[in-house]
Amino acid sequence: IGFEILDFICQKNESKFETNRLGELAKISIKGRKVLLLKPSTYMNLSGKSVIYWMKQENININRILMISDDLNLPLSKIRYRAKGSSGGHNGLENIEYYLNTNKYSRLRIGISNPKNQTNQVDFVLGLFESEEYDLLFSNFNMISDSIKSFVLSGINETMNNFNN
């Protein structure tokens, strides 16, 4: 779902992703602030390698990083911002924490729930959404895009106050 959000934001800002080292990159501007959108091309479980590479390459401070991930434990399309915390069992976030050597980075979790209570979570996470599920998620993309703009302009604390409800 994170890649779909980034595609939506990129399209909304009339930008394009270009294949680059360890990922696809797009650059946009939000009220004069340069924003780099990254879709790691490593396996999801190895996302940290791509993240740390581009942080160093672009000299990006960890306080300016926002990771977007799905969350099985949140209801479908519900969002939750956090300034730090555990990976919650998300292998991609665990790998990012390993490479950053900290869990103190901002993250946006987007609920994908597990309505069928499937025991094989890998198949569920890698599967496709039902049409009505995707419609519900997509109907929140503008709000999610606005929340990311809030993060860029106002930081994690204000964004959590305004969007975690």
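The following exchange between a visitor and a guide concerns a predicted model.

Visitor: How many salt bridges does the structure hold?
Guide: Side chains of opposite charge can pair when their charged atoms come close. In this predicted model, one such pair is formed by Lys34 and Glu58, and another by Asp71 and Arg109. The total that the structure holds is six salt bridges.

Visitor: Which strands hold Glu24 and Lys39, and how many residues apart in sequence are the parts that the pair ties together?
Guide: The side chains of Glu24 and Lys39 meet in a salt bridge, with a distance of 3.9 Å from N to O. Glu24 belongs to strand β2 (residues 23-30) and Lys39 to strand β3 (residues 33-40), so the pair ties together parts whose separation in sequence is 15 residues.

Visitor: Is Lys39 buried or exposed?
Guide: The cut-off for a buried residue is a relative accessible area under 20%. Its partner Glu24, at 31% relative accessibility, counts as partly exposed. Lys39 has a relative accessibility of 9%, and therefore counts as buried.

Visitor: Which residues are linked with Asp7 in a network of salt bridges?
Guide: The salt bridge between the side chains of Glu24 and Lys39 has already been described. That pair also belongs to a network of salt bridges in which Asp7 takes part, and the residues linked with Asp7 there are Glu24 and Lys39.

Visitor: Which residues outside its neighbours within four places in sequence is Leu38 in contact with?
Guide: Leu38 is found in strand β3. Between Leu38 and Glu24, which are 14 residues apart in sequence, the C-alpha to C-alpha distance is 5.8 Å. When neighbours within four places in sequence are left aside, the residues in contact with Leu38 are Leu6, Gly23, Glu24, Leu25, Ser50, Val51 and Trp54.

Visitor: Where does Glu58 lie, given that the pair of Lys34 and Glu58 links distant parts of the chain?
Guide: The side chains of Lys34 and Glu58 meet in a salt bridge at 3.1 Å, N to O. The two residues are 24 residues apart, with Lys34 in strand β3 and Glu58 in the loop between α2 (47-57) and β4 (66-71). Lys34 counts as exposed at 58% relative accessibility, whereas Glu58 is partly exposed at 24%. The place asked for is thus the loop between α2 and β4.

Visitor: What is the phi of Asn59?
Guide: Most residues other than glycine have a negative phi. Asn59 has its place in the loop between α2 and β4, and at 70% relative accessibility it counts as exposed. Although Asn59 is not a glycine, its phi is positive, at about 55 degrees.

Visitor: Are Asp71 and Arg109 buried or exposed?
Guide: Asp71 forms a salt bridge with Arg109, in which the closest N and O atoms are 3.4 Å apart. The pair links distant parts of the chain, since Asp71 is in strand β4 and Arg109 in strand β6 (residues 106-111), 38 residues apart. Asp71 has a relative accessibility of 10% and counts as buried, and Arg109, at 10% relative accessibility, also counts as buried.

Visitor: Which residue's side chain makes a polar contact with the side chain of Ser77?
Guide: Ser77 lies in the loop between β4 and β5 (79-82), where it is buried with a relative accessible area of 10% and has a positive phi of about 75 degrees although it is not a glycine. Leaving aside neighbours within four places in sequence, Ser77 is in contact with Gly111, Leu136, Leu137 and Asn140. The side-chain polar contact, at 2.9 Å, is with Asn140.

Visitor: Are α6 and α7 roughly parallel or roughly antiparallel to each other?
Guide: Two packed helices are described by the angle between their axes and the distance between the axes. Helix α6 (residues 141-154) and helix α7 (residues 156-163) pack at about 150 degrees, with their axes 7 Å apart. The contact is made by residues including Met143, Phe151 and Ser154 of α6 and Ile156, Thr159 and Phe163 of α7. Angles over 145 degrees count as roughly antiparallel, and α6 and α7 are therefore roughly antiparallel.

Technical notes. Residues are numbered from 1 along each chain as its sequence is written. This is a predicted model: local features need pLDDT of at least 70, side-chain atom pairs count only at pLDDT 80 or more; totals for chains, interfaces and linings use all residues. Side-chain values use heavy atoms; hydrogens and water are left out. A salt bridge is a side-chain nitrogen of Lys or Arg within 4 Å of a carboxyl oxygen of Asp or Glu. Helices (H or I, at least four residues) and strands (E, at least two) are DSSP runs, numbered from the N terminus. Buried means under 20% relative accessible area, exposed over 50%, partly exposed in between (1.4 Å probe, protein chains only). Contact means heavy atoms within 4.5 Å. A polar contact is a pair of N or O atoms within 3.5 Å; within protein, one must be able to donate a hydrogen and the other to accept it, and residues adjacent in sequence count only if both atoms are side-chain atoms. Axes are lines fitted to C-alpha atoms, for helices over the stretch in contact, and angles run from 0 to 180 degrees between N-to-C directions. Angles under 35 degrees count as roughly parallel, over 145 as roughly antiparallel, 65 to 115 as roughly perpendicular and the rest as oblique.
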